[in-house]
Amino acid sequence: MDNYDLDPADDSEIYPRPNPLAPILEKLKTPADIAAYLNNAVNPDDPATLFAALGIASHTRNISHLSRDMGITRQGFNKAFSAKGNPCFVTVQKLCTELGVSISFTPLPEQNSTDSSDQQ
């Protein structure tokens, strides 16, 4: 197919497809935005949700530069933060640092009414 045979009504070959992440990425302008987004993705019963959110947030940066700065290959990065990925803690920590956010810990809500001082 040469350029003269392009259908003017079919602009799919001329213009790139819209990025499906664009609506989310537009809201992730600052490290504070990214931190809020990641905090909403934390689910103790489903770490894959957080890994997916980290993968999405990473698209606020150039993935090639980001993975290089983290010391991993782009393929390794894509694998770690894919839907079936399971990145190690060090990789998650490095990504958070590159995104300008930090990891913090908070106590889980009480599961029972037993006072922790009774468990000595």
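How many of the contacts between residues at least 6 apart in sequence join residues at least 24 apart? In this protein the share is 48%, where contact means heavy atoms within 4.5 Å. The model is predicted, so local features need pLDDT of at least 70 and side-chain atom pairs count only at pLDDT 80 or more, while totals for chains, interfaces and linings use all residues. Residues are numbered from 1 along each chain as its sequence is written, and side-chain values use heavy atoms, with hydrogens and water left out.

**Figure 1. The whole protein has six helices and zero strands.** Reading along the sequence gives the pattern α-α-α-α-α-α. Helices (H or I, at least four residues) and strands (E, at least two) are DSSP runs, numbered from the N terminus. Of the 120 residues, 22% count as buried. Here, buried means under 20% relative accessible area, exposed means over 50%, and partly exposed is in between, using a 1.4 Å probe and protein chains only.

**Figure 2. Helix α3 packs with helix α6 at an angle of about 35°.** Helix α3 takes in residues 47-58, helix α6 takes in residues 89-99, and their axes are 11 Å apart. Axes are lines fitted to C-alpha atoms, for helices over the stretch in contact, and angles run from 0 to 180 degrees between N-to-C directions. The crossing of α3 past α6 is left-handed: the near helix is turned anticlockwise from the far one by less than a right angle, whereas clockwise would make it right-handed. On the α3 side, look for Phe51, Leu54, Ala57 and Ser58, which meet Val92, Leu95, Cys96 and Leu99 of α6. Sorted by class, this contact has seven nonpolar residues, one polar and no charged ones. For these classes, Ala, Val, Leu, Ile, Met, Phe, Trp, Tyr, Cys and Pro count as nonpolar, Asp, Glu, Lys and Arg as charged, and the others, Gly among them, as polar.

**Figure 3. Helix α2 has a buried face and an exposed side.** In α2 (residues 31-41), the buried residues are Ile34, Leu38 and Ala41. Looking down the axis of α2, these buried residues fall within an arc of 55°, so they line one face of the helix. The arc is that of the directions from the helix axis to the C-beta atoms. An α-helix has 3.6 residues a turn, so residues three or four places apart point the same way. Helices α3 and α6 are among what covers the buried residues of α2. Over on the other side of α2, Ala32, Asn39 and Asn40 are exposed.

**Figure 4. Helix α4 has its buried residues on the same side.** The buried residues of α4 (residues 63-70) are Ile63, Leu66, Ser67 and Met70. Around the axis they cover an arc of only 95°, which puts them on the same side of α4. They pack against α3, α5 (74-80) and α6.

**Figure 5. Helix α6 packs against four other helices, namely α2, α3, α4 and α5, through its buried residues.** Those buried residues are Thr91, Val92, Leu95, Cys96 and Leu99. They span an arc of only 135° around the axis, which puts them on the same side of α6. After α6 comes Gly100, whose phi is positive, near 85°.

**Figure 6. Phe81 sits in the loop between α5 and α6.** Is Phe81 buried or exposed? It is buried, with a relative accessible area of 9%. Leaving out residues up to four places away in sequence, Phe81 touches Phe51, Leu54, Gly55, Pro87, Thr91, Val92 and Leu95. Phe81 and Ala52 are 29 residues apart in sequence, yet 6.2 Å apart in space, C-alpha to C-alpha.

**Figure 7. Lys79 is an exposed residue of helix α5.** Its relative accessibility is 65%. Lys79 and Gly55 are 24 residues apart along the chain, with 10.0 Å between their C-alpha atoms.

**Figure 8. Arg68 and Asp69 form a salt bridge.** A search of the whole structure finds one salt bridge, defined as a side-chain nitrogen of Lys or Arg within 4 Å of a carboxyl oxygen of Asp or Glu. In the pair of Arg68 and Asp69, the closest N and O atoms are 3.4 Å apart. Arg68 is exposed, at 53% relative accessible area, whereas Asp69 is partly exposed, at 46%.
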